[in-house]
Amino acid sequence: MKKKYFLSLVLFLLSFYVFSALARILTVHVGEELVRVKPFKQESIYEILTDIHTLVVKYFPAVFSISFQFLFVKYFVNNEQKKSQARQLEQKKTESELKMLKAQLNPHFLFNTLNNIYSLSLDNSSKTASAIGKLSDILDHILYKCNDQLVSLSSEIELLKNYIELEKLRYDDRLEITFDKDIENNIKIPPLLLLSLVENAFKHGAGEDSGSPKIWITIIQKQDSFLFKISNTVSSDYVSNDKEKIGMNNIKKQLDLIYPDNYSLDIKQASNLFSVVLQINQNHSI
C-alpha cells in the first residue's frame with residue numbers, strides 16, 4: 001500500500017521462512033516430545049532449516065492462511081473507510097463551493113435592491129413601504145430557506161415573483177413582463193439559481209433600456225426535464241461587460257457541481273434581444 005514493493009517482497013519471504021521454520025521446530029522438538037513415546041527419530045534443526053520444500057508445502061499454508069484472511073478483511077475495511085472519507089471530502093468540497101458561489105451572488109443582489117429602495121425613499125414614494133416588505137420576504141427566503149443544496153421549485157418561483165414585484169416598482173408601467181409556467185412536479189432545484197438569471201435580465205436588460213423594456217420568462221417541467229427560458233430586450237448599443245460574464249460563470253460553476261454533464265445553458269444575444277435557455281436532466285443530479 002505504501003508502494004515499497006521490493007522491501008515488501010523481501011520482508012514477506014523472510015517472514016515466511018522464519019515463521020514456517022519456527023512452526024516446524026516447535027512441532028518436532030516440542031510437540032512431538034509431549035505426545036510421542038521414545039525412542040523416535042527427530043529431524044535436526046539444520047535439517048529443518050534446509051528442508052525448504054516441506055516448509056513451503058506443509059507449513060506455509062498452515063501458518064499464513066489465517067493471516068491472509070485477517071489481512072484481506074483489514075484491507076477491505078481500510079479501503080471502504082478511505083472511500084467513505086473521499087466521498088465525505090468531496091461532498092464537503094461541493095457544499096463549500098456552492099456556499100461560496102451563493103455568497104458571491106447574495107451581496108450583489110442586496111446591493112442593487114437597497115439602491116432601489118434608497119431611490120424610492122429620496123422621492124418620498126408611497127411604494128417604499130411595499131418595497132421594504134418585498135425585500136423582507138426575499139431576505140427570509142435567502143437566510144432561512146436556502147441552506148439546503150436543493151430547494152423546492154415552488155419556493156423559488158415565489159421568490160421570483162417577490163423579486164419581480166420589487167423591481168416593477170422602479171419602472172411603473174413602462175416595463176412589460178410575461179411569466180408563463182407549465183409545471184408537472186414540484187421538483188428540487190439549486191437555490192437562487194433562477195433568481196440569478198432573472199436578476200441578470202433586469203440589470204443588463206431593463207436597467208439599460210430607457211424605452212419600454214420587455215422581459216419574457218418561461219418555466220416548463222415535464223417528467224425528468226426542466227426548462228427555464230428568459231429573454232429581455234436590450235438597447236441597440238448595449239455591450240456586455242466583465243461583471244455580467246462573472247455572474248454567468250458563477251451560474252455555470254454551480255450547475256457543473258450539481259448537474260455535471262446533465263444540463264445545457266444556451267446564451268444568445270441579438271441586436272436588441274438577449275436570451276438564456278437552461279435545460280436540466282433531473283435524473284442525474286447529485
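# Exercises: a mixed sheet and its helices

In this predicted model, five strands form an open sheet with mixed pairing, in the order 2-4-5-7-6.

**Exercise 1. Find the edge strands of the sheet, and state the average twist between neighbours.**

Solution.
- Read the strand order: 2-4-5-7-6.
- Look for strands that pair on one side only. These are strand 2 (176–183) and strand 6 (263–269).
- Now take the twist. From one strand to the next, its average is 5°.

**Exercise 2. Describe how strand 2 is joined to strand 4.**

Solution.
- Locate strand 4 at residues 214–222.
- Check direction: strand 2 and strand 4 run parallel.
- Count the links: eight bridges join the two strands.
- Pick one residue. Isoleucine 177 has isoleucine 215 of strand 4 as its bridge partner.

**Exercise 3. Determine which strands helix 5 and helix 6 meet, and at what angles they run.**

Solution.
- Start with helix 5, residues 153–171. This helix packs on the sheet and touches strand 2, strand 4 and strand 5 (225–233).
- Compare directions: helix 5 makes about 170° with strand 2.
- Move to helix 6, residues 193–204. Helix 6 lies across strand 2, strand 4, strand 5 and strand 7 (273–281).
- Its direction is at about 15° to strand 5.

**Exercise 4. Identify the residues that touch the most other members of the largest nonpolar core, and the element that gives the most to this core.**

Solution.
- Take the core's size: 44 residues.
- Rank its members by the other members they touch. Val198, Phe228 and Ile230 come out with the most.
- List the elements that each supply at least two residues. Among them are helix 3 (52–122), helix 4 (128–144) and helix 7 (242–258). Strand 4, strand 5 and strand 7 also qualify.
- Find the top contributor: helix 5, with nine residues.
- Zoom in on isoleucine 230. Leaving aside residues up to four places away in sequence, its contacts include Leu197, Val198, Ala201, Trp216 and Phe274. Ile215, the bridge partner of isoleucine 177, is also touched by isoleucine 230.

**Exercise 5. Place these parts in the whole chain, using its element pattern, burial, contacts and surface.**

Solution.
- Tally the elements: seven helices and seven strands.
- Write the pattern along the sequence: α-α-α-α-β-α-β-β-α-β-β-α-β-β.
- Note burial: 35% of the 286 residues are buried.
- Consider contacts with a separation of 6 or more. Of these, 71% link residues 24 or more positions apart.
- Finish with the surface. The accessible area is about 17,600 Å², and carbon and sulfur atoms account for 57% of that.

Terms used. Residues numbered from 1 in each chain as written. Predicted model: local features only at pLDDT ≥ 70, side-chain atom pairs only at ≥ 80, totals over all residues. Heavy atoms only, no water. Helix = DSSP H or I, 4+ residues; strand = E, 2+ residues; numbered from the N terminus. Buried < 20%, exposed > 50% of the residue type's maximum accessible area, 1.4 Å probe, protein only. Contact = heavy atoms within 4.5 Å. Areas by Shrake-Rupley, 256 points an atom, 1.4 Å probe, with all protein chains shown as cover. Pairing = 2+ DSSP bridges. Axes fitted to C-alpha atoms, helices over the stretch in contact; angles between N-to-C directions. Core = buried A, V, L, I, M, F, W, Y, C linked by side-chain atoms within 4.5 Å.
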